[in-house]
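User: Hi! Could you walk me through this one while I have it open?
Analyst: Happy to, let's load it up.
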Amino acid sequence: MVAPWSSFRFQSGAIAKNRFVLAPMTTDASSPDGSVTPEELAYARRRCASGFGTAITACAYVHDDGRSWNGIGAARAEHVASLARLAREFQVAGGVAILQLYDGGRIARASLVGDDRLRAPSAIASLRPGALTPREMTVAELEHLIESFRTAARRAQDAGFDGIELHGANHYLMHQFFSPRANQRQDGWGGDLDRRMRFPLAVAEAVREGVGSTMVVGYRLTPFEAEPDGYGLDDAIVLADRLADLRIDYLHISLDDFRSQSPQREDRSYTVQSQPRGDGRSAITAIAEVVAGRCAVVACGGIRTEADAGLALAAGADLVAVGRAALVDPDWLVKVQTGDEAAIATQLPHDPRDIARERTIPPRMVDYLLGRPGWIPRQGSGS
Ligand SMILES: Cc1cc2nc3c(=O)[nH]c(=O)nc-3n(C[C@H](O)[C@H](O)[C@H](O)COP(=O)(O)O)c2cc1C
């Protein structure tokens, strides 16, 4: 069995000193121009200093009209200096630093991009409460966006990142192209499975071509949709197989909890757990089997202890990503490594000022975390 503290070599060459990955977590706390703030740098430094072998940033936008967050930008040449500051913090303890790239498509935030600028594979609103109907992207627009991903990946390289991760999960634009619910285009970019895979594969190919063979390229994937009319695991297996052919280093299987196989719901209900769909197969095992020898697999969702990590590795993952556990306790990995799991903080303090100060979380991120009750355990909240 793979030991969580053993090193791992990505096929493009980077070496992670252990199998633990800091999961991507947006702070919603960047400057309006997309540059990283001192609070975000402190947040990243403290978590990365705990020794993650690999660390993935919050999602960075590649195009202004795709912004879902007050997040970091990778959309313009001026963003490179800010990205370079972030890369240095992510590499503070020798970890492999990965910049996550995304576009929000129909879940871009209208208050950031403008009500009339929302665009998506098809003119269909997302299931999120109050969602506006986007307009259907033109072919010229989506081709331009593929180039935006390629150029953003090169900026990550110029900034000193060791790799990039394409955010194809959690209902963002690449996921939307893959989903039969969100993509009902009648042209060559929508319809059957082959056409729904075309945009994600085109982005992955452009990015790999843009950064060359020595930079890590990962792809984050929701392995099946929680919604009954969504895609299932068999479709995701085909996509995973095709991505592996494009020399992607790893596939990152995004689940809210890898044991219960619950993917993130599009309506963003944090208190209702999705029921697993399909035939009970483990998405990690099924995808690991199909890409074996070509591409690594990262598991994520609900990993809180070394034993959890061991279970995910035993299911077929090569690496395990940890989000909320390291958000709540920035010293999570140190405590796991020293066998002091009993000392891990599993709840945020009650007072927002204490959350920011004790846990090194940007105050604006604290506001957004507390705006979603039931998502992150907090003292005195019953969760
Ligand atoms: C505050 C917060 C922000 C997140 N932002 C991102 C993001 O930018 N990109 C992404 O792919 N996932 C994002 N996620 C999802 C996490 O990466 C992870 O998949 C999810 O929290 C489940 O893993 P966990 O149980 O270890 O937290 C975010 C999660 C949290 C809690």
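User: Where is V36 placed?
Analyst: V36 is in the loop between strand 3 and helix 1. Before we go on, please keep in mind that this is a predicted model.

User: Good to know. Is V36 buried or exposed?
Analyst: V36 is buried, because 27 other C-beta atoms lie within 10 Å.

User: And which residues does V36 touch?
Analyst: Setting aside residues up to four places away in sequence, V36 touches S30, L41, I72, S82, R85 and L86.

User: How far is V36 from H252?
Analyst: Their C-alpha atoms are 25 Å apart in space, and the two residues are 216 residues apart in sequence.

User: Some of those V36 contacts sound helical. At what angle do helix 1 and helix 2 pack?
Analyst: Helix 1, residues 38–49, packs against helix 2 at an angle of about 25°, and their axes are 8 Å apart. The two helices are therefore roughly parallel to each other, since angles under 35 degrees count that way.

User: Which residues make that contact?
Analyst: From helix 1 it is L41, A44, R45 and C48, and from helix 2 it is R85, L86, E89 and F90. By class, this contact has five nonpolar, no polar and three charged residues. L41, R85 and L86 also turn up among the residues that V36 touches.

User: Back to that loop before helix 1. What about the phi of D28?
Analyst: D28 has a positive phi of about 55°, although it is not a glycine. Most residues other than glycine have a negative phi. D28 is found in the loop between strand 3 and helix 1, and it counts as partly exposed because it has 19 C-beta neighbours inside 10 Å.

User: What is the phi of Q261, then?
Analyst: Q261 has a positive phi of about 60°, and Q261 is not a glycine either. Q261 sits in the loop between strand 10 (250–254) and helix 8 (283–291). With 22 C-beta neighbours inside 10 Å, Q261 counts as buried.

User: Let's switch to the ligand. Which residues come nearest to it?
Analyst: A23, M25, T26, G323 and R324 come nearest, out of 22 residues around the ligand. Strand 4 (54–61) and helix 10 (324–328) are the elements that give two or more residues to this shell.

User: Which element gives the largest share?
Analyst: That is helix 10, with three residues.

User: How many of the shell residues are nonpolar, polar and charged?
Analyst: The shell around the ligand has eleven nonpolar, eight polar and three charged residues.

User: R324 caught my eye. What does I376 touch?
Analyst: Good link! I376 touches R324, L327, V328, L348 and L369, not counting residues up to four places away in sequence. I376 lies in the segment after helix 13 (363–370) and counts as partly exposed, because it has 19 C-beta neighbours inside 10 Å.

User: Now helix 4. What span should it have, and why does its length agree?
Analyst: Helix 4 covers residues 139–158, so its 20 residues at 1.5 Å a residue should span 28 Å. The C-alpha atoms at its ends are 29 Å apart, which agrees.

User: Which residues of helix 4 are buried?
Analyst: The buried residues of helix 4 are L142, L145, S148, F149, A152, A153, R155, A156 and Q157. An α-helix has 3.6 residues a turn, so residues three or four places apart point the same way.

User: What covers them?
Analyst: The cover includes helix 2 (79–90), strand 5 (96–102), strand 8 (163–168) and helix 6 (193–211). Just after helix 4, G160 takes a positive phi of about 100°.

User: One last spot. Where is L251, and is it buried or exposed?
Analyst: L251 is found in strand 10. L251 is buried, because 29 other C-beta atoms lie within 10 Å.

User: What is L251 in contact with?
Analyst: Leaving out neighbours within four places in sequence, L251 is in contact with Y219, L221, A240, L243, I287, V291, C295 and V297. For Y219, the C-alpha atoms are 5.0 Å apart in space, with the two positions 32 residues apart in sequence numbering.

Terms used: Residues numbered from 1 in each chain as written. Predicted model: local features only at pLDDT ≥ 70, side-chain atom pairs only at ≥ 80, totals over all residues. Helix = DSSP H or I, 4+ residues; strand = E, 2+ residues; numbered from the N terminus. Expected span 1.5 Å × (residues − 1). Buried ≥ 20, exposed ≤ 12 C-beta atoms within 10 Å, placed from the backbone. Contact = placed C-beta atoms within 7 Å. Near = placed C-beta within 6 Å. Nonpolar A, V, L, I, M, F, W, Y, C, P; charged D, E, K, R; others polar. Axes fitted to C-alpha atoms, helices over the stretch in contact; angles between N-to-C directions. Parallel < 35°, antiparallel > 145°, perpendicular 65-115°, else oblique.
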